[in-house]
Amino acid sequence: MREDISRRAFEVFRDDASAMPPMTLRGGDAVDSYYSPPPYDPDVDAPTDTYLEAYTFWGLAFLDAASWRHYLLRLIDYAFRHFDEPRMVVEGLLYSLRPPDRDPPRLASLTPEQESVVVAFLDEVAFADDSPHQDLAMQVLEEWGVPNALYRPRPGEET
């Protein structure tokens with residue numbers, strides 16, 4: 001199941017992941033510390049496990065929609081490979097999937113295929129017996145990830 005979700009994430013986020021992000025996780029981390037974000041450097045900003053561990057939790061909150069989507073497939077893949085990691089990468093990812101959505105939106109920027117992968121990821125994290133993140137993933141599902149979720153706009157409602 002996890003391998004299938006990761007494979008689908010690589011398929012549906014491929015274009016986003018191959019584009020240069022307007023803001024990197026390292027840049028977001030710098031902004032969180034009141035510094036100017038450094039420019040993208042393909043060597044320094046390669047989304048390795050070490051990079052994600054260093055910059056995700058504090059940097060993810062500052063990403064625009066395109067930059068956020070750039071990292072989603074790597075974060076989903078990382079989460080499945082490191083379910084119980086202590087560096088708060090998985091928590092950072094889950095918090096980034098919580099409403100309220102931004103303006104301009106991140107959650108609403110997902111294509112239906114991307115949203116389907118994100119919901120499948122949340123389902124696995126929420127209901128896997130070995131998941132230490134069940135409560136937070138269930139909360140995200142209730143708030144946004146299921147039909148008629150608490151904070152998902154209903155048809156005809158303004159966002």
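Let's start with one residue, Tyr34. Tyr34 is exposed, because its relative accessible area is 79%, and the cut-off for exposed is over 50%. Where is Tyr34? Tyr34 sits in the loop between H3 and H4. Its phi is positive, about 70 degrees, and Tyr34 is not a glycine. That turn of the backbone comes just after H3. For background, most residues other than glycine have a negative phi.

A word of caution before we go on. This is a predicted model. Please keep that in mind throughout.

Now a second residue of this kind. Met88 also has a positive phi, near 70 degrees, and is a residue other than glycine. Met88 is found in the loop between H5 and H6. Is Met88 buried, exposed or in between? Met88 counts as partly exposed, because its relative accessibility is 35%.

Let's step back to the whole chain. How many helices and strands does the protein chain have? Eight helices, and zero strands. Written as a pattern along the sequence, that is α-α-α-α-α-α-α-α.

Next, overall size. The C-alpha atoms fill a box of roughly 40 × 40 × 30 Å along the principal axes. The radius of gyration is 15 Å. A compact globule of 159 residues would have a value near 15 Å, so the two agree.

What about contacts along the chain? Take the contacts with a separation of 6 or more. Of these, 66% join residues 24 or more positions apart.

On to surface and burial. Of the 159 residues, 44% are buried. The chain exposes about 8600 Å², and carbon and sulfur atoms supply 52% of that area. Charges next. There are 14 positive and 30 negative side chains. The centres of the two sets lie 2 Å apart.

Now the inside. In soluble globular proteins, nonpolar side chains tend to be buried together. Here, the largest nonpolar core has 40 residues. Which residues have the most contacts inside this core? They are Trp68, Ile76, Leu93, Leu94, Leu97, Phe121 and Leu122. Helices H1, H4, H5, H6, H7 and H8 each supply at least two residues of the core. H5 gives the largest share, nine residues.

Let's pick two of these core residues. Ile76 lies in helix H5. Ile76 counts as buried because its relative accessible area is 1%, and buried means under 20%. Setting aside neighbours within four places in sequence, Ile76 is in contact with Ile5, Ala9, Leu93, Val117 and Phe121. One distance for scale. Ile76 and Gln114 are 38 residues apart in sequence, yet 12 Å apart in space, C-alpha to C-alpha.

The second is Leu122. Again leave out neighbours within four places in sequence. Leu122 is then in contact with Leu94, Leu97, Ala137, Val140, Leu141 and Trp144.

Two helices deserve a closer look. The first one is H3, residues 25-32. Six of its eight residues are buried, so H3 is largely enclosed by the rest of the structure. Which ones are buried? Leu25, Arg26, Gly27, Gly28, Asp29 and Ala30. What covers these buried residues includes H4 and H5.

The other is H6, residues 89-96. H6 is mostly covered, with six of its eight residues buried. Those are Val89, Val90, Gly92, Leu93, Leu94 and Ser96. What do they pack against? H4, H5, H7 and H8. Two names here are familiar from the core: Leu93 and Leu94.

Last stop, the loop after H6. Most peptide bonds are trans. Which bonds in this part of the chain are cis? One joins Pro99 and Pro100, with omega about 5 degrees. Pro100 is found in the loop between H6 and H7. Another cis bond runs from Asp103 to Pro104, with omega near 5 degrees. Pro104 also has its place in the loop between H6 and H7.

To recap. The model is predicted, with eight helices and zero strands. Its largest nonpolar core has 40 residues, and H5 supplies nine of them. Tyr34 and Met88 are the two to view for positive phi. Pro100 and Pro104 are the two to view for cis bonds. Thank you.

Technical notes:
Residues numbered from 1 in each chain as written. Predicted model: local features only at pLDDT ≥ 70, side-chain atom pairs only at ≥ 80, totals over all residues. Heavy atoms only, no water. Helix = DSSP H or I, 4+ residues; strand = E, 2+ residues; numbered from the N terminus. Rg over C-alpha atoms; globule rule 2.2 N^0.38 Å. Buried < 20%, exposed > 50% of the residue type's maximum accessible area, 1.4 Å probe, protein only. Contact = heavy atoms within 4.5 Å. Areas by Shrake-Rupley, 256 points an atom, 1.4 Å probe, with all protein chains shown as cover. Lys, Arg positive; Asp, Glu negative; His and termini not counted. Charge placed at Lys NZ, Arg CZ, Asp CG, Glu CD. Core = buried A, V, L, I, M, F, W, Y, C linked by side-chain atoms within 4.5 Å.
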